Amino acid sequence: MLKSHEQKRFFTGPRSPVPSPRLFFIAFQFLTIIPLPFTLRWEENDLGRSMAFFPLAGLTIGGLLAGADFLLAEVLPRPIEDLLLVALLAAMTGALHHDGLADVCDGLAARGSRDRFLAVMKDSRIGAVGVVGLVLGLLLKYQALLALSPEVKRQVLFFFPAVARFAQVQMTVGSRRAREDGLGAACIAGAGVTQLLVAGAITLAATYFLLGMKGIGCWAVLSLFTAGTKAWSHRRLGGVTGDVIGCASELNEIICLLIIVGMQKM
């Protein structure tokens with residue numbers, strides 16, 4: 001179900017094929033639980049169109065993490081502070097993508113047909129394998145943050161949420177719907193090549209500015225991983241779902257941090 005709220009004021013604007021700043025606020029409202037001082041009136045297709053600004057929303061999330069790091073680093077030991085950053089990221093996003101990671105792990109554990117896989121992911125209950133996958137994902141993210149050099153930590157805090165949100169765009173554009181309902185179907189309905197190109201340009205510019213050519217290399221590896229995940233989902237499920245998109249986003253965050261930690265040793 002898409003997010004909606006009833007308030008007195010609405011932020012509206014003209015709808016056109018070209019992404020507009022209004023779509024950034026739709027993206028930010030969808031990707032976080034942080035309240036805006038106004039409410040957006042939008043339709044299902046607007047969610048897919050707003051994906052052009054998903055990486056920019058990811059950079060905003062990263063900026064909040066970097067700001068929290070600046071404040072907490074002065075008063076807390078590094079291990080506690082990094083654990084709080086992981087918790088803050090989950091809280092800001094409403095653990096939306098963590099749910100996808102857990103559901104896909106449960107679907108894989110079911111080892112059944114396509115319909116069985118989709119049914120397990122749609123079940124609101126989380127299984128043992130989903131719990132294990134979620135805990136391991138959070139632990140990997142925490143340990144990778146802890147291993148980051150202080151010299152690059154804040155740049156990385158901006159970077160990894162942004163590339164993960166680009167992965168969501170990459171997973172969506174050109175995909176088939178594995179089911180006709182749900183957030184994945186809503187995103188696919190409105191997202192196209194324009195959204196992919198704008199999101200890619202934003203991500204590429206931010207990547208080079210934050211981490212230079214090493215960041216570009218990291219993004220290239222992540223893009224290949226996401227393309228592989230997308231191809232697997234189409235073979236296994238006949239398309240993608242919101243859970244698969246969320247899982248890919250979480251895996252991109254984890255792998256991105258691991259790659260950067262590994263680069264520090266090179």
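**Helices, cores and a surface patch**

Visitor: Which residues of H4 are buried?
Guide: The model is predicted. A residue counts as buried when its relative accessible area is under 20%. In H4, the residues that meet this are Glu-81, Asp-82, Leu-85, Val-86, Leu-89, Ala-90 and Met-92.

Visitor: Which elements do the buried residues of H4 pack against?
Guide: Packing here rests on contact, that is, heavy atoms within 4.5 Å. By that test, the partners of the buried residues of H4 are H1, H3, helix H5 (96-110), H7, H8 and H11.

Visitor: What span should H4 have, and how far apart are its end C-alpha atoms?
Guide: H4 has 15 residues, and the rise used is 1.5 Å a residue. The expected span is 1.5 Å times one less than the number of residues. For H4 this gives 21 Å, and the distance between its end C-alpha atoms agrees, at 21 Å.

Visitor: Which residue with a positive phi follows H4?
Guide: The phi in question is near 65 degrees. The residue that has this phi after H4 is Gly-94.

Visitor: Which element gives the most to the largest nonpolar core?
Guide: This core has 55 residues, and Leu-145, Phe-160, Cys-218 and Cys-256 have the most contacts inside it. Elements giving two or more residues to the core include helix H4 (78-92), helix H7 (128-147) and helix H11 (242-263). With eight residues, the element that gives the most is H8.

Visitor: How many residues are in the other core, which has Met-171 among them?
Guide: This core lies apart from the largest one. Leu-101, Cys-105 and Val-240 are also among its members. Its residue count is 15.

Visitor: Is Thr-229 buried or exposed?
Guide: Thr-229 lies in helix H10 (residues 193-237). Leaving out residues up to four places away in sequence, Thr-229 touches Met-171 and Ala-248. Its relative accessibility is 14%, so Thr-229 counts as buried.

Visitor: How much accessible area does the nonpolar patch with Leu-139 have together?
Guide: Leu-139 is in helix H7 and counts as partly exposed because its relative accessibility is 46%. On the surface, Leu-139 forms the patch with Ile-126, Val-131, Val-132, Val-135 and Leu-136. Together, their accessible area is about 500 Å².

Visitor: What distance separates the C-alpha atoms of Thr-39 and Ala-128?
Guide: Thr-39 lies in strand E2 (residues 39-40) and is buried, with a relative accessible area of 2%. Along the chain, Thr-39 and Ala-128 are 89 residues apart. Their C-alpha atoms are separated by 38 Å.

How values were computed: Residues numbered from 1 in each chain as written. Predicted model: local features only at pLDDT ≥ 70, side-chain atom pairs only at ≥ 80, totals over all residues. Heavy atoms only, no water. Helix = DSSP H or I, 4+ residues; strand = E, 2+ residues; numbered from the N terminus. Buried < 20%, exposed > 50% of the residue type's maximum accessible area, 1.4 Å probe, protein only. Core = buried A, V, L, I, M, F, W, Y, C linked by side-chain atoms within 4.5 Å. Patch = residues over 30% accessible without salt bridge, like charges linked within 9 Å, V, L, I, M, F, W, Y side chains within 5 Å. Areas by Shrake-Rupley, 256 points an atom, 1.4 Å probe, with all protein chains shown as cover. Salt bridge = Lys/Arg side-chain N within 4 Å of Asp/Glu carboxyl O.
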